[in-house]
Structure formats: C-alpha cells, structure tokens
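Thanks, everyone. I'll take the helix packing and then the ligand site. Let me put the structure up.

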Amino acid sequence: MSKLEEVFQAVETGKVKIIAGLTEEALAEGIDPLKILNEGMIAAMGVVGAKFQRSEIFVPEMLVAAKTMKKGVEVLKPRLVSDGTDVSLGKCIIGTIHGDLHDIGKNLVTLMIESAGFEVIDLGVDVPVVTFIDTIKANPDTKLVALSCLLTTTMAAMKETAEAIKGSGLKGFKLIVGGAPVNKAFAEEIGADGYSEDAAGAALLAKKMVS
Ligand code: B12
C-alpha cells in the first residue's frame, strides 16, 4: 500500500495516534502536501460521509475521523501556508453558520486565506447572525466576510445570515460563501459576492475580491 493510501485509510478508520507519523512519512517521500490533503484526507472524509449515509458507521466514528484529519492537517499546515503573511490584504471575518458544527473545511479555508495575506478573525462554529454583524461593526476595516455551512438544513441559516449582513447597511467588504451543499447558483440567490468549492479556490477568490 502506498503512503498516500495509508493516510487515506488512517483518516477513514480514525487512527488518531498514527496519522501524524504517516503524514510526516508521506511528506518525506516527497508527496505534494496538497495531494496528501485532497487525495488522502478530504477524499477519505468523503468515504466516511458515504458510510454514515448508509448507516455503516455513526456519529462517534465520524467524530474520530474528523479528529484524525485535524491531526494530519496540523502536520501539513506549515507546508500549505506560504509566506504571504507580511502583505496585509485586510481583515477577513469567517465562521460556520448557526446550527452547524462542522469546521474542518472552514479551518482549511482560514488557513489558505491567511496564507494569501489576510488577517483572519475566526468566529468558530454555530455563529449567530448578530455575532457576524457585531464583529463587522467592531472591525470597520473588514474587507471580506466568509460564511461556511455543511448541512442542507443550515443553508436557510446561511441565507438568513447573508441577507442580514447585506441588509445591515454596513459597507466596505465582500461576502463569500462555501461548504459542501452550497453552489454558485445558491450563492448568487442569497446575494453573496463570491463562491468557491474548495479552500485553494477560496484563497484565489479572496484575493480577486479585494483587488
Ligand atoms: C466530519 C463530519 C462530521 C463531524 C464534524 C467535526 C468537525 N469538527 O467538523 C461531526 C461528527 C461533528 C458531524 C456531525 C453531524 N453531521 Co457531519 N459530516 C462530517 C463529514 C464526514 C466530513 C466533513 C468534512 O470535514 N469534510 C472535509 C472538508 C475539508 O470538506 P468541506 O467541509 O466540504 O470543506 C471544503 C469545501 O466545502 C469548501 N468550503 C467549506 N467552507 C467554506 C467557506 C467558504 C467561504 C468557501 C469559499 C469554501 C468553503 O472548502 C473546504 C476545503 O476544500 C461529512 C461528509 C462529507 N463528505 O462532507 C458529514 C456530513 C456533512 N454530516 C452530515 C450529518 C447529517 C451530520 C449530523 C446531522 C449527524 C447527526 N445525526 O447528528 C451532525 C450535525 C451536527 C451539526 N449541528 O453540525 C451529512 C449532511 C447531510 C446533509 N445533506 O445535510 C454529511 C454530508 C454526511 C452524510 N453523507 O450524510 N459531522
């Protein structure tokens, strides 16, 4: 089995203890960190989701897989971020919408946007509409607001949040959205300025939004 397959399998089966070592070994073999992330870890999460849907596994197993992926990402982190940190493109406020506890994708987007040169204020998960509004008010130099959701049931909350932000009269920033159930058409429907399907695309989008 290749190192990449071992990483995939470790995330899929929630091998928290060995993932850091395996990820280091994969890097040492010269495998591209983005390939380890996309084809090893994110792809494994896809399988985990599919197994959950078929009731072959349950929430605890999904949680352990998530923990495993987080540990692996910690090892990849220094290799994913570029040294764009001294150029400040401005502040970006990010959070997962209220009712939604998924944060792995949001954390990856944070990582990529940070390394693209933004100063990121991460509000975490299950973020109420008012927290987004208050944080924008407290940071009038905000250039970007990014919303994430992973559940079809929280898409309505994303719409509500986007509309509240847009309707607040606060200005000077662009609103971008993403997450597995979101697509370009939905982003447009709720009045967002931009959408990207993954974290690498989110960084490019963020830069485009402020240029
Ligand atoms: C891990 C996981 C969990 C973990 C989350 C742990 C954590 N800290 O995040 C736990 C166990 C807590 C969990 C709970 C639940 N989950 Co869950 N979960 C998953 C799983 C397996 C992986 C998600 C993940 O991390 N993917 C990897 C990341 C990297 O991908 P991503 O999040 O999509 O992010 C990428 C893009 O979407 C994009 N992106 C994301 N955000 C943003 C934001 C912006 C601005 C941009 C531009 C881009 C962007 O970039 C990211 C990186 O490339 C998915 C299955 C799946 N394939 O997605 C199910 C899944 C999302 N969960 C699901 C369900 C049903 C639940 C529960 C309701 C289960 C339950 N019965 O309790 C609860 C809900 C809890 C809640 N209120 O949120 C369903 C949702 C179904 C649906 N149609 O809505 C899924 C799809 C599984 C399935 N196939 O049924 N879950």
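Start with helix 1, residues 3–12, and helix 2, residues 16–28. They pack at an angle of about 160 degrees, and their axes are 9 Å apart. This is a predicted model, so keep that in mind throughout. Why call this pair roughly antiparallel? Because an angle over 145 degrees counts as roughly antiparallel, and this one is about 160 degrees. That makes helix 1 roughly antiparallel to helix 2. The crossing of helix 1 past helix 2 is left-handed.

Which residues make the contact? From helix 1, Lys-3, Glu-6, Val-7, Ala-10 and Val-11. From helix 2, Ile-19, Leu-22, Thr-23, Glu-25 and Ala-26. Sorted by class, the contact of helix 1 with helix 2 has six nonpolar residues, one polar and three charged.

Now stay on helix 1 and turn to helix 3, residues 33–53. Here the axes come within 8 Å and cross at roughly 35 degrees. What is the handedness of this crossing? Helix 1 passes helix 3 right-handed.

On the helix 1 side, the contact uses Leu-4, Val-7, Phe-8, Val-11 and Glu-12. Helix 3 brings a longer list, including Lys-35, Ile-36, Glu-39, Gly-40 and Met-41. Further along helix 3, the list also includes Ala-44, Val-47, Val-48 and Lys-51. By class, helix 1 against helix 3 gives 11 nonpolar, one polar and four charged residues. Note Val-7 and Val-11. Both touch helix 2, and both touch helix 3.

Next pair: helix 4, residues 59–80, and helix 5, residues 104–115. Their axes come within 11 Å and cross at roughly 5 degrees. Helix 4 and helix 5 are therefore roughly parallel to each other. Helix 4 offers Ala-66, Met-69, Lys-70, Val-73, Lys-77 and Leu-80. Helix 5 meets them with Ile-104, Asn-107, Leu-108, Leu-111, Met-112 and Ser-115. The contact of helix 4 with helix 5 counts eight nonpolar, two polar and two charged residues.

Last, the ligand. How many residues are around it? There are 37, and Leu-101, His-102, Asp-103, Ser-148 and Thr-152 come nearest.

Three polar contacts to look at. At Leu-101, a backbone N or O atom lies 2.6 Å from a ligand oxygen atom. At Asp-103, a side-chain N or O atom is 2.7 Å from a ligand nitrogen atom. At Gly-49, a polar backbone atom is 3.0 Å from a ligand nitrogen atom. Gly-49 falls in helix 3, residues 33–53.

That's my part. Questions, please.

How values were computed
Residues are numbered from 1 along each chain as its sequence is written. This is a predicted model: local features need pLDDT of at least 70, side-chain atom pairs count only at pLDDT 80 or more; totals for chains, interfaces and linings use all residues. Side-chain values use heavy atoms; hydrogens and water are left out. Axes are lines fitted to C-alpha atoms, for helices over the stretch in contact, and angles run from 0 to 180 degrees between N-to-C directions. Helices (H or I, at least four residues) and strands (E, at least two) are DSSP runs, numbered from the N terminus. Angles under 35 degrees count as roughly parallel, over 145 as roughly antiparallel, 65 to 115 as roughly perpendicular and the rest as oblique. A crossing is left-handed if the near helix is turned anticlockwise from the far one by less than a right angle, and right-handed if clockwise. Contact means heavy atoms within 4.5 Å. Ala, Val, Leu, Ile, Met, Phe, Trp, Tyr, Cys and Pro count as nonpolar, Asp, Glu, Lys and Arg as charged, and the others, Gly among them, as polar. A residue is near a molecule or strand if one of its heavy atoms lies within 4 Å of it. A polar contact is a pair of N or O atoms within 3.5 Å; within protein, one must be able to donate a hydrogen and the other to accept it, and residues adjacent in sequence count only if both atoms are side-chain atoms.
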